[in-house]
Amino acid sequence: MPDDLKSAEVGHLRIAVDIGGTFTDLAAFDESSGKLMFGKALSTHDDLPRGIQNTLDGAGVLCSEASLFLHGSTIAINTLLERTGARTALMITEGFRDFYEIGRVNRPDAYNLFFSKHTPLVERSLRFEVPERLLADGQTYKELDESHVRATARKLKALGVESVAVLLLHSYRNLAHETRVKQIVQEELPGVFVSASHELSQEYREFERVSTVAANAYVGPRVSQYLGNLETHLEKQGFRGSFYAVQSTGGLFPVAHARRECVRMLESGPAAGVIGAQAVASQLGLPDVI
């Protein structure tokens, strides 16, 4: 176990839970006895923490005795695939309103006569240009028009926007303009989920960053609320340990980060399964496993 996880130990159990479309599965390890406990219950989509509690109860596991809670979930990818995310707006450098939709002009199926482009997560009417411009080396070419940003934020409020993505050119070299835009939007729209591209990716290509931040903003409110509700539920059950979510890489990050960088959880559930299978195969001496 990583040192940062060990330092937070307050109990003798380690709990891991994964929510799937049909079942919620649990595995718990008792460090004092070496015992493994398992639980399975139907996923409760109207109240996901309830399904988790059902697995805990079925396995006879108490959160108050746990030092660590690890969680993999398909809530982010399901929100994206089902198109049930937030009403999202995109604030983007002036003159570049459409390149999120244009993309790289790649056609993955060159000979498919019925090929159709993806539908953007942010409709064109909710993309707003920001007067500002940085050069590729991060120097300021055009100062940020803060009054325009503030007026746009007020317009977003009137439109009932639930989430805002911010993408400004070359913010990977200089994050000052993006940071300020986010601050202004948060001031004008308290409680609205706001995500800036530099917080998620340092890619120098703008399309990669805008597609990432748009996805993060789109799934953010739902995923963040869910993780917050689960965190509150665990605390009410007496849990005082460390709560980590599984990333698409198979790695872990604190739930506080997961609530801001929700897009990193897109392949959370499947990634956890792959990492687990890899560990078991390694212990069994099986180098080639499908």
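The legends below describe close-up views of a predicted model.

**View 1. An open sheet of six strands with mixed pairing.** The strands follow one another in the order β3-β2-β1-β4-β11-β12. At the edges stand β3 and β12 (252–254), each with a single partner strand, so that one side of each is left without a neighbour in the sheet. From one strand to the next, the twist averages 20°. Helix α9 packs on this sheet, where it touches β1, β4 and β11, and its direction makes about 115° with that of β4.

**View 2. The pairing of β1 with β2, and a salt bridge between β2 and β3.** Strand β1 (residues 13–19) runs antiparallel to β2, and seven bridges join the two. One residue to look for here is V17, whose bridge partner in β2 is L26. Strands of a sheet pair through backbone hydrogen bonds, either parallel or antiparallel. A contact between side chains can also be followed in this view: K40 forms a salt bridge with D25, and the closest N and O atoms of the pair are 2.5 Å apart. K40 belongs to strand β3 (residues 36–42) and D25 to strand β2 (residues 23–30), so the salt bridge links distant parts of the chain, 15 residues apart. A search of the whole structure finds 17 salt bridges.

**View 3. An open sheet of four strands with parallel pairing.** Here the order of the strands is β6-β5-β9-β10. The edge strands, β6 (127–130) and β10 (193–196), each pair on one side only. Neighbouring strands of this sheet are turned against each other by 20° on average, with direction ignored. Within the sheet, strand β5 (residues 88–93) and strand β9 (residues 163–167) run parallel and are joined by five bridges, and M91 has V166 in β9 as its bridge partner.

**View 4. Two helices, α6 and α7, with the four-stranded sheet.** Helix α6 (residues 176–188) lies across β5, β6, β9 and β10, and runs at about 175° to β10. Helix α7 (residues 206–236) packs on the sheet as well, touching β5, β9 and β10, while its direction makes about 160° with that of β9.

**View 5. The aromatic pair of F69 and F239.** The structure has three aromatic pairs, and in the one shown here the ring centres of F69 and F239 are 6.2 Å apart with their planes at 65°, so the pair is edge-to-face. The pair links distant parts of the chain, 170 residues apart, with F69 in strand β4 (residues 66–73) and F239 in the loop between α7 and β11 (242–246).

**View 6. A nonpolar surface patch that includes V289.** Four residues, V280, L284, L286 and V289, make this patch, which covers about 370 Å². Of these, V289 is found in the segment after α9 (268–283), the helix that packs on the sheet of View 1.

Technical notes. Residues are numbered from 1 along each chain as its sequence is written. This is a predicted model: local features need pLDDT of at least 70, side-chain atom pairs count only at pLDDT 80 or more; totals for chains, interfaces and linings use all residues. Side-chain values use heavy atoms; hydrogens and water are left out. Patches are made of residues with over 30% relative accessible area and no salt bridge: like charges are joined within 9 Å, nonpolar side chains (Val, Leu, Ile, Met, Phe, Trp, Tyr) within 5 Å. Accessible areas come from the Shrake-Rupley method with a 1.4 Å probe; for residues, only the protein chains shown count as cover. Two strands pair if DSSP finds at least two bridges between them. Axes are lines fitted to C-alpha atoms, for helices over the stretch in contact, and angles run from 0 to 180 degrees between N-to-C directions. Contact means heavy atoms within 4.5 Å. Rings of Phe, Tyr and Trp (its six-membered ring) pair if their centres lie within 6.5 Å; planes under 30 degrees apart count as stacked, over 60 as edge-to-face and the rest as tilted.
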